[in-house]
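Thank you all for coming; today I would like to walk slowly through one structure, taking the strands and their turns in order and pausing at a single side chain along the way. Please keep the picture in view while I talk.

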Amino acid sequence: MTVFDTAIATLFADDNLSKIGAWRKHGEEDFRPLRIIRVQPQNVFDIGNTKLIQDTVLFDILASDAIGISEGDDVELDQQIHRVQAPPILMLDGRILRLDVVAI
């Protein structure tokens with residue numbers, strides 16, 4: 001494990017930045033625990049004289065905590081179930097997965 005890996009693990013372990021959530025594969029019943037950092041993207045865009053509002057929820061998770069997570073899987077955070085609505089995006093050389101989710 002590199003110093004960079006240790007730093008990322010420390011960030012995900014910090015209760016001020018991340019929360020304990022859970023993940024389950026599509027079609028399975030049991031959830032598996034994982035740490036989640038909720039990402040708040042800019043949700044208002046100006047295009048010419050028009051403002052567009054994007055209603056997006058993004059979660060960052062450690063890739064090693066959810067090997068095989070994919071579109072259609074469920075993630076629970078704060079007693080709310082979210083569905084992964086797009087393929088996960090690899091971030092930071094594959095150490096972090098960014099999930100585009102929608103509450104169900």
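Let us begin at the hairpin of E3 and E4, where two residues lie between the strands and Gly 48 takes a positive phi near 65°. I should say straight away that this is a predicted model. The strands on either side, E3 with residues 44-47 and E4 with residues 50-53, run antiparallel and are joined by four bridges, and if you look for Ile 47, you will find that its bridge partner in E4 is Thr 50.

Now please move back to strand E2, residues 32-39, which holds Arg 35. Is Arg 35 buried or exposed? Its relative accessibility is 17%, and because buried means under 20%, Arg 35 counts as buried. As for its polar partners, a polar atom of the Arg 35 side chain lies 3.0 Å from the backbone oxygen of Phe 12, and the side chain also makes a polar contact, at 2.9 Å, with the side chain of Ser 18. Leaving aside residues up to four places away in sequence, Arg 35 touches several others, among them Asp 14, Asp 15, Asp 60 and Asp 65.

Finally, let us turn to strands E6 (residues 74-77) and E7 (residues 80-84), which run antiparallel with four bridges between them, and in which Val 75 stands opposite His 82 of E7. Their hairpin has two residues between the strands, and here Asp 78 takes a positive phi near 55°. E7 is also joined by three bridges to E9, residues 96-103, again antiparallel, with Arg 83 having Val 102 as its bridge partner in E9.

Technical notes:
Residues numbered from 1 in each chain as written. Predicted model: local features only at pLDDT ≥ 70, side-chain atom pairs only at ≥ 80, totals over all residues. Heavy atoms only, no water. Pairing = 2+ DSSP bridges. Buried < 20%, exposed > 50% of the residue type's maximum accessible area, 1.4 Å probe, protein only. Polar contact = N/O pair within 3.5 Å; in protein donor to acceptor, adjacent residues only side chain to side chain. Contact = heavy atoms within 4.5 Å.
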